Amino acid sequence: MKRLTPHLLPVLASLLLSACAASTPKTTAPAADAAAAAESKPANDYPTLTRVEFVLECAQEQPGGLQNRDNIYHCACAADQVAEKLGHEDYAQAQTFTYNFGAAGERAAEFRDPPQSAKLRNALKEAKAQAASACFLKPVGKK
């Protein structure tokens, strides 16, 4: 990965702060609502680190890489779009299946063969494609 230039640090810092603010509860639920709140899954339940990794990887794939402020902006948009389509648990599993899918050998079969592997990989691919379209990203591999 390329080194970050000083002008991108404020952009990444604001991305981190906005992700932290989004994951911080705004009000305390009354005791009666606490059980219901605990059972409901929050929207955009991604940890900040996952969002930052997504944005950095996405920006690196775009023309200009991390040196381009627009890439950070558009990739942050894409991170939000993907988070709306897939919960964090599904995203993490899809990433694991995707990264290890091409591994050779018998041990890699646990990433290729389970029925949820294809389902989650396709869901992630579709979510990223929709995010790329909605956030005006260049298709990966076309710099």
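**Group meeting: cross-links and helix H4 in a predicted model**

I would like to begin with one contact: the side chains of Asp 80 and Arg 51 form a salt bridge, with an N to O distance of 2.8 Å. Asp 80 belongs to helix H4 and Arg 51 to helix H3, so this pair ties together parts of the chain that are 29 residues apart in sequence. The structure holds 1 salt bridge, and this is the pair in question. Please keep in mind throughout that the model is predicted.

The two partners differ in their surroundings. Asp 80 is partly exposed, because its relative accessibility is 38%. Arg 51, by contrast, is buried, with a relative accessible area of 10%. As a general remark, side chains of opposite charge can pair when their charged atoms come close.

Let me now place this contact in the overall fold. The protein chain has 7 helices and 0 strands. Read from the N terminus, its elements run α-α-α-α-α-α-α. Of its 143 residues, 31% count as buried. Among contacts with a separation of 6 or more, 70% come from residues 24 or more positions apart.

I turn next to the covalent links. How many disulfides does a search of the whole structure find? The search returns 2. Counting bonded cysteines along the chain, they follow the pattern 1-2, 3-4.

The disulfide of Cys 58 and Cys 75 has its sulfur atoms 2.1 Å apart. This pair links distant parts of the chain, with Cys 58 in helix H3, residues 48–61, and Cys 75 in helix H4, residues 69–85, a separation of 17 residues. Helices H3 and H4 are therefore joined by this disulfide as well as by the salt bridge of Asp 80 and Arg 51. The torsion about the S-S bond is -70°, and the link of Cys 58 and Cys 75 is left-handed. Both of its ends are buried: Cys 58 has a relative accessibility of 9%, and Cys 75 has a relative accessible area of 0%.

The other disulfide joins Cys 77 and Cys 135, whose sulfur atoms are 1.9 Å apart. Cys 77 lies in helix H4, while Cys 135 is in the segment after helix H7 (115–134), so the bond ties together parts 58 residues apart in sequence. The link of Cys 77 and Cys 135 is also left-handed, with -70° about its S-S bond. Here the accessibilities are as follows: Cys 77 counts as partly exposed at 24%, whereas Cys 135 is buried at 1%.

Helix H4 has now appeared in each of these links, and it merits a closer look. At 1.5 Å a residue, its 17 residues should span 24 Å; the end C-alpha atoms of H4 are 25 Å apart, which agrees. Its buried residues are Asn 71, Ile 72, Cys 75, Ala 76, Ala 78, Ala 79, Val 82 and Ala 83. Why do I describe these buried residues as lining one face of the helix? Seen down the axis of H4, they fall within an arc of 165°, so they line one face. The face turned away from that buried side carries the exposed residues Tyr 73 and Glu 84.

A further charged residue deserves attention. Arg 121 is found in helix H7. Is Arg 121 buried or exposed? Arg 121 is buried, yet has no salt bridge; the nearest side chain of opposite charge, that of Asp 113, is 8.1 Å away. For a salt bridge, the side-chain nitrogen would have to lie within 4 Å of a carboxyl oxygen. Leaving aside neighbours within four places in sequence, Arg 121 is in contact with Ala 94, Phe 97, Thr 98, Phe 101 and Arg 112.

Finally, I come to the segment after H7, where Cys 135 is found. Phe 136 is also placed in this segment. Most residues other than glycine have a negative phi. Phe 136 is not a glycine, but has a positive phi of about 60°. Phe 136 is exposed, with a relative accessible area of 65%. The segment also holds Pro 139, which is partly exposed at 48% relative accessibility. Pro 139 and Ala 129 are 10 residues apart in sequence, and their C-alpha atoms are 8.2 Å apart in space.

To close, helix H4 carries Cys 75, bonded to Cys 58 of H3, Cys 77, bonded to Cys 135, and Asp 80, paired with Arg 51 of H3.

Conventions:
Residues numbered from 1 in each chain as written. Predicted model: local features only at pLDDT ≥ 70, side-chain atom pairs only at ≥ 80, totals over all residues. Heavy atoms only, no water. Disulfide = S-S within 2.5 Å. Helix = DSSP H or I, 4+ residues; strand = E, 2+ residues; numbered from the N terminus. Buried < 20%, exposed > 50% of the residue type's maximum accessible area, 1.4 Å probe, protein only. Lys, Arg positive; Asp, Glu negative; His and termini not counted. Contact = heavy atoms within 4.5 Å. Expected span 1.5 Å × (residues − 1). Arc of directions from axis to C-beta.
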